[in-house]
Amino acid sequence: MALDTKLEYATPAVAEQSDLQELAKRHLWMHFTRMGSYEDHELPIITRGEGCYVYDEHGKRYLDGLSALFCVNAGHGRTEIGEAAAAQVKDLGFFTNWSYAHPRAIELAARVASLAPGDLNRVFFTSGGSEAVESALKLARNFHRVRGEGTRIKVIARDTAYHGTSLGALSATGIQSIRTQFEPLTPGGCHVANTNSYRAPAGRDPLWAADEIERRIEFEGAESVSAVILEPVQNSGGCFTPPEGYFQRVREICDRHGVLLISDEVICSWGRLGHYFGAQRFGYQPDMITTAKGLTSAYAAMGAVIVSDAVAEPFMHDTSMFAHGFTFGGHPVAAAMALANLDIFEREDLCGHVLAKEGEFRAMLDSLRDLPIVGDVRGAGFFQAIELVKDQDTKESFDDRESEQLLRGFLSGELYKRGLICRADDRGDPVIQFSPPLIADTEQFEEIEAILRPVLTEAYERIVRR
Ligand SMILES: Cc1ncc(COP(=O)(O)O)c(C=O)c1O
């Protein structure tokens with residue numbers, strides 16, 4: 001009977017390995033995944049993690065060079081985070097932050113505020129990054145409206161940047177291929193140049209990209225612009241770092257035009273760049289920070305918008321409120337896990353470790369520049385990318401067909417087969433990205449190199465010299 005079959009499948013934790021493949025292919029809708037590509041291929045099923053490593057259903061070990069998805073910052077297998085969850089469940093499994101509070105959300109808000117730069121003292125919890133961005137964009141509009149500037153609805157973001165998938169966040173996302181099929185999006189998303197300087201014309205003002213933001217604000221009319229949203233280091237396109245003074249210039253521009261500056265740190269906070277927040281690394285003061293992922297080292301689904309006193313102020317008196325929320329915002333179990341995660345950060349000085357080791361990590365990646373397919377190496381902290389090219393001298397990139405062949409036809413599968421999880425991505429020009437757990441050290445850097453070097457050598461032979 002169909003019902004019995006369902007019941008039999010109701011405990012996948014004890015399913016046979018082969019059943020997991022079958023069940024996944026039949027029932028699991030994977031995100032951003034070409035499901036058809038697994039029709040005649042085995043799906044990678046990861047069952048266990050320890051430190052910088054994860055294991056698949058066959059017991060094979062992989063170096064997790066991506067912290068799963070830029071998020072398991074403290075590394076895998078931190079049982080104390082689970083113990084904090086269990087202790088919290090005993091006290092209070094759930095209560096809401098709608099009109100009520102509970103100790104863990106309060107403690108976490110205070111702790112996040114104490115670590116955040118300047119007067120970012122007010123924390124609005126969400127269940128992830130897209131919800132954080134969505135909330136920040138709504139808060140920016142609402143802030144202007146309560147101050148009598150309801151025409152300020154537009155948001156300025158950068159080309160190729162990823163800010164999430166809900167329709168508001170997607171209007172800030174600057175990747176055409178994931179936008180068009182969902183149009184019309186929330187109105188108001190405007191895009192300007194990012195800080196990719198790999199092919200910048202000689203002699204261009206290094207702060208050109210910052211000034212592009214001002215030009216766009218003036219073009220749109222400042223009275224229509226609500227916020228500028230930028231990542232400290234832009235992920236999509238391959239770890240674009242800001243030139244010296246970029247964020248200071250952007251801050252000045254935002255202040256001049258009454259526009260809020262949102263630092264989208266869903267990836268770049270919690271030690272990824274060697275500081276609790278990316279804004280601290282580059283020395284600027286945003287009006288809001290959006291965060292998620294590493295807040296709990298991804299052991300629980302949690303994000304936050306961290307808001308300045310000035311932006312929060314209009315919502316703190318009398319009958320005013322920010323009419324926005326999510327059932328799970330500030331979930332007590334997630335908050336307890338975040339607190340345990342931050343205890344690990346503090347005890348092991350994970351930010352200090354990243355700062356001490358990023359030079360060594362980067363030197364290893366730079367050492368691959370002798371391979372003809374390595375065009376650029378860029379990034380900050382434990383967040384680095386290699387841009388792949390056909391020709392180092394001319395910086396010629398791959399066309400769409402070649403890129404498909406290079407990344408999906410060879411590199412992704414081959415690196416995984418050899419035991420390295422990283423990201424081969426062509427939302428911009430083709431890159432491979434690395435974002436290992438913040439505990440990674442010399443042994444893991446050497447292991448990454450030992451796998452990358454022969455694979456990149458073979459990629460060049462197959463795709464360029466063939
Ligand atoms: C900068 C940035 N913003 C927003 C998001 C969306 O976060 P989530 O996938 O948790 O919704 C991401 C996800 O990677 C991100 O990198």
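**Exercise 1. The α13/α15 pair**

Is the crossing of α13 and α15 left-handed or right-handed? Describe the packing of this pair as well.

*Solution.*
Note that the model is predicted.
- Step 1. Take the handedness. α13 and α15 cross in a right-handed sense.
- Step 2. Take the geometry. The axes of α13 and helix α15 (residues 442-464) come within 10 Å, and they cross at roughly 15°.
- Step 3. Classify the angle. Angles under 35 degrees count as roughly parallel. Therefore α13 is roughly parallel to α15.
- Step 4. List the contact. From α13 come E360, F361 and M364, and from α15 come T442, F445, I448 and E449.
- Step 5. Sort by class. The contact of α13 with α15 has 4 nonpolar, 1 polar and 2 charged residues.

**Exercise 2. The α5/α12 pair**

At what angle do helix α5 and helix α12 pack, and how far apart are their axes? Then find the residues that make the contact.

*Solution.*
A general point comes first. Two packed helices are described by the angle between their axes and the distance between the axes.
- Step 1. Helix α5 spans residues 103-115, and helix α12 spans residues 332-348. They pack at about 40°, with axes 8 Å apart.
- Step 2. That angle makes α5 oblique to α12.
- Step 3. The crossing of α5 over α12 is left-handed.
- Step 4. α5 brings R104, A105, E107, L108 and R111 to the contact. α12 answers with P332, A335, A336, A338, L339 and L342.
- Step 5. The class count for α5 with α12 is 8 nonpolar, no polar and 3 charged residues.

**Exercise 3. A second partner for α12**

Describe how helix α4 packs with α12, giving angle, handedness and contact residues.

*Solution.*
- Step 1. Helix α4 covers residues 79-91. α4 and α12 pack at an angle of about 145°, and their axes are 8 Å apart.
- Step 2. α4 passes α12 in a right-handed crossing.
- Step 3. On α4, the contact uses E80, I81, A84, A85, A87, Q88 and V89. On α12, the contact uses P332, V333, A336, M337, L339, A340 and N341.
- Step 4. The contact of α4 with α12 divides into 11 nonpolar, 2 polar and 1 charged residues.

**Exercise 4. The two domains**

Which stretches of the protein chain form domain 1 and domain 2? Then characterise the side of domain 1 that touches domain 2.

*Solution.*
- Step 1. Domain 1 takes 44-77 + 350-464, and domain 2 takes 79-348.
- Step 2. Their C-alpha centres lie 26 Å apart.
- Step 3. At the interface, 29 residues of domain 1 are in contact with 28 residues of domain 2.
- Step 4. On the side of domain 1, at least two residues each come from α3 (67-70), α13 (350-366), β11 (374-380), β12 (383-388) and β15 (431-434).
- Step 5. α13 gives the largest share of that side, with 5 residues.
- Step 6. By class, the touching side of domain 1 has 15 nonpolar, 8 polar and 6 charged residues.

**Exercise 5. The ligand shell**

How many residues surround the ligand, and which are the closest?

*Solution.*
- Step 1. The ligand is surrounded by 13 residues. The closest are G128, G129, S130, G164 and V266.
- Step 2. Helix α6 (residues 129-146) gives the most to this shell, with 3 residues.
- Step 3. The shell splits into 5 nonpolar, 6 polar and 2 charged residues.

**Exercise 6. Backbone exceptions**

Which residues does a cis peptide bond join, and where is the positive phi of T160 found in the fold?

*Solution.*
- Step 1. Recall the background. Most residues other than glycine have a negative phi, and most peptide bonds are trans.
- Step 2. The peptide bond between E183 and P184 is cis, with omega about 0°.
- Step 3. Place P184. P184 is in the loop between α7 (167-172) and β6 (189-192).
- Step 4. T160 is not glycine, yet its phi is positive, near 70°.
- Step 5. Place T160. T160 lies in the loop between β5 (154-158) and α7.

Notes: Residues numbered from 1 in each chain as written. Predicted model: local features only at pLDDT ≥ 70, side-chain atom pairs only at ≥ 80, totals over all residues. Near = placed C-beta within 6 Å. Helix = DSSP H or I, 4+ residues; strand = E, 2+ residues; numbered from the N terminus. Nonpolar A, V, L, I, M, F, W, Y, C, P; charged D, E, K, R; others polar. Axes fitted to C-alpha atoms, helices over the stretch in contact; angles between N-to-C directions. Parallel < 35°, antiparallel > 145°, perpendicular 65-115°, else oblique. Left-handed = near helix turned anticlockwise from the far one by under 90°. Contact = placed C-beta atoms within 7 Å. Domains from an automatic or database assignment.
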